[in-house]
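Dear colleague,

Please find below the structure that I am handing over to you. My findings follow it.

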Amino acid sequence: MKMKVGYARVSTEIQNLDLQTRALTLAGCERIYEDCASGAKAIRPGLKAALRCLRDGDTLIVWRFDRLARSVPHLAQIVSGLQKRNIGFVSITEAIDTTSEIGLMMLYMLGAVAQFERALIRERIAAGLDAARSRGQQLGRRPALKPEEQKEVAHLYSSGELGTNELAARYQVHPRTIKRCLDRTFIGPPPVTRRAAK
């Protein structure tokens, strides 16, 4: 038997779920799962339980789509997963119902908007990077060791004074950082110091 499953979410404990649960009950939801968490949080036990509860032919209902997803691309991703399982999706406020042809069309439009949004973001990022490069800005994470420190590391290691672990402790970085620094400067193993025979 097909079942309607509701999902409600508020961002803080101060907010009230009554409005959402009332709307979901009126929409015919037999079960309602709840979360009190930000939409940006990946771990939402209520949503996880709702998705696990759904079976072939069931419908997931929310009061408004932003209660389910943090963005249009995120919504498209979740609903696409539901469609693969033959599960319908209804958003009461936006009047989206993927169990109808019009609802599906609206979902495809949302998907197109999401794809367009991703393309715009990629374009803006690329333009920003190009502008930064043209201004001579160094992109990426700043190196853990300054250029002069890298020269000191290379000198101390090549002279045999300090090993990688000692250098890491001295400059307060991870030994892997020292090894990467030495790889960039093409420094070979330190010279072996032989003790004079007694």
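An angle between two elements is taken between their N-to-C directions and runs from 0 to 180 degrees, with axes fitted to C-alpha atoms. In this predicted model, helix α2 (residues 45-53) lies across β1, β2 and β3, and runs at about 155° to β2. Helix α1 (residues 18-26) also lies across β1 (4-10), β2 and β3, with an angle of about 170° to β1.

The sheet beneath this description is an open one of five strands, in the order β2-β1-β3-β4-β5, and its pairing is mixed. Because β2 (31-36) and β5 (96-97) stand at the edges with a single partner strand each, one side of each has no neighbour in the sheet. Strands of a sheet pair through backbone hydrogen bonds, either parallel or antiparallel. Strand β3 (residues 59-62) and strand β4 (residues 88-91) run parallel and are joined by four bridges. Within this pair, L60 has F89 in β4 as its bridge partner.

I also examined a pair of helices. The axes of helix α5 (residues 147-158) and helix α7 (residues 175-184) come within 10 Å of each other and cross at roughly 85°. Since angles of 65 to 115 degrees count as roughly perpendicular, α5 is roughly perpendicular to α7. On the α5 side, Q150, V153, A154 and Y157 take part in the contact, and they meet I178, C181, L182 and R184 of α7. By class, this contact of α5 with α7 comprises six nonpolar residues, one polar and one charged.

Yours sincerely

Definitions and conventions. Residues are numbered from 1 along each chain as its sequence is written. This is a predicted model: local features need pLDDT of at least 70, side-chain atom pairs count only at pLDDT 80 or more; totals for chains, interfaces and linings use all residues. Side-chain values use heavy atoms; hydrogens and water are left out. Helices (H or I, at least four residues) and strands (E, at least two) are DSSP runs, numbered from the N terminus. Angles under 35 degrees count as roughly parallel, over 145 as roughly antiparallel, 65 to 115 as roughly perpendicular and the rest as oblique. Contact means heavy atoms within 4.5 Å. Ala, Val, Leu, Ile, Met, Phe, Trp, Tyr, Cys and Pro count as nonpolar, Asp, Glu, Lys and Arg as charged, and the others, Gly among them, as polar. Two strands pair if DSSP finds at least two bridges between them.
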